[in-house]
Amino acid sequence: MYDVLKLAEQFEIEGFKFYRTKRDEVKNKSVADIFDYLAQMEKEHTEFIRRLRKSLEEGSEIESLPQQSTTYYKSRYEGQKISETSQEDDIADLSVLRMAYLIEKDFMEFYEKAAQKEIDERVKKLLLVLRDWEEGHKRIIEEEIKAIIERNNLELGFYPF
C-alpha cells in the first residue's frame, strides 16, 4: 500500500508541474485558467496523499475524505466568453490539452487498478475517491477539447470520446 501511495504522490507532483509549466505556454486564456485550476487540485491531492501516508505510517485513523467538486470550476468558467484565439493557437493548445487528457486518464486508471488490488476497505475507498477526482479533471479537459474542435470545425478521429 505504501508503494502505491508513494507512486501516487509522485504522479500528483508531476501533474502539478505539468499544469504550472503548460499554463504559461497555452494561448487561450480559458485553457490557461483550466490548467491553473488543475495545478491547484494536483497540489491538494499531493498534500492529501502525504497526510494519508503519515496517518497510515503512524497507525492513526485515516482522516475523513475531503470533498472536491467541479462546481467551483463550472461557476467560474462556464459563464465566461471563450477568448478569441486563432485556429493555429487553438490547434497548438489542443495538442497540450490532449497530453493533459492522457495524464488524467492514466491517473484515473492507476487509482482504479490500485483500488481493485487493495484489501483494506478504507484505503480502497480513498483510492476510488482519488480516481473520481481524476475523472472529474478528465471531463473538464474533454469539454475544452470538444469546444476547440467545434469552434474550429475540426473533424478529428483520435479522441476517445
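**Figure 1. Leu97 and the residues around it.** Setting aside neighbours within four places in sequence, Leu97 makes contact with Val31, Phe35, Ile141, Glu144, Ile145 and Ile148. Please keep in mind for this and every other view that the model is predicted.

**Figure 2. The largest nonpolar core, with its 22 residues.** Leu97 appears here again, as one of the residues that touch the most other members; the others are Tyr19, Phe35, Ile141 and Ile145. Which elements give two or more residues to this core? They are helix H1 (2-23), helix H2 (29-58), helix H4 (87-117) and helix H5 (121-151). The biggest contribution is that of H2, with 8 residues. As general background, nonpolar side chains tend to be buried together in soluble globular proteins.

**Figure 3. Another core, of 18 residues.** This core lies apart from the one in the previous view. Its members include Ile49, Ile62, Ala114 and Val123.

**Figure 4. The stacked rings of Phe11 and Phe107.** The protein has 7 aromatic pairs, and this view shows one of them. The ring centres of Phe11 and Phe107 are 5.7 Å apart, with 10° between the planes. The pair links distant parts of the chain, since Phe11 belongs to helix H1 and Phe107 to helix H4, 96 residues apart. Is Phe107 buried or exposed? Phe107 counts as buried because its relative accessibility is 7%, under the 20% cut-off. Phe11, at 27% relative accessibility, counts as partly exposed.

**Figure 5. The edge-to-face pair of Phe11 and Phe110.** Here Phe11 meets a second partner: the ring centres of Phe11 and Phe110 lie 5.0 Å apart. Why is the pair edge-to-face? The planes stand at 75°, so the pair falls into that class, for which the angle has to be over 60 degrees. This pair, too, links distant parts of the chain, with Phe11 in helix H1 and Phe110 in helix H4, 99 residues apart. Phe110 has a relative accessible area of 18% and is therefore buried.

**Figure 6. The aromatic cluster as a whole.** Ring pairs join Phe11, Phe107, Phe110 and Tyr111 into a cluster.

**Figure 7. Stepping back to the protein.** Five elements follow one another from the N terminus as α-α-α-α-α, giving 5 helices and 0 strands. Of the 161 residues, 44% are buried. Among contacts with a separation of 6 or more, 78% are between residues 24 or more positions apart. The protein exposes about 9000 Å², and carbon and sulfur atoms supply 49% of this area.

Note on methods:
Residues numbered from 1 in each chain as written. Predicted model: local features only at pLDDT ≥ 70, side-chain atom pairs only at ≥ 80, totals over all residues. Heavy atoms only, no water. Helix = DSSP H or I, 4+ residues; strand = E, 2+ residues; numbered from the N terminus. Buried < 20%, exposed > 50% of the residue type's maximum accessible area, 1.4 Å probe, protein only. Contact = heavy atoms within 4.5 Å. Areas by Shrake-Rupley, 256 points an atom, 1.4 Å probe, with all protein chains shown as cover. Core = buried A, V, L, I, M, F, W, Y, C linked by side-chain atoms within 4.5 Å. Phe/Tyr/Trp six-rings, centres within 6.5 Å; stacked < 30°, edge-to-face > 60°.
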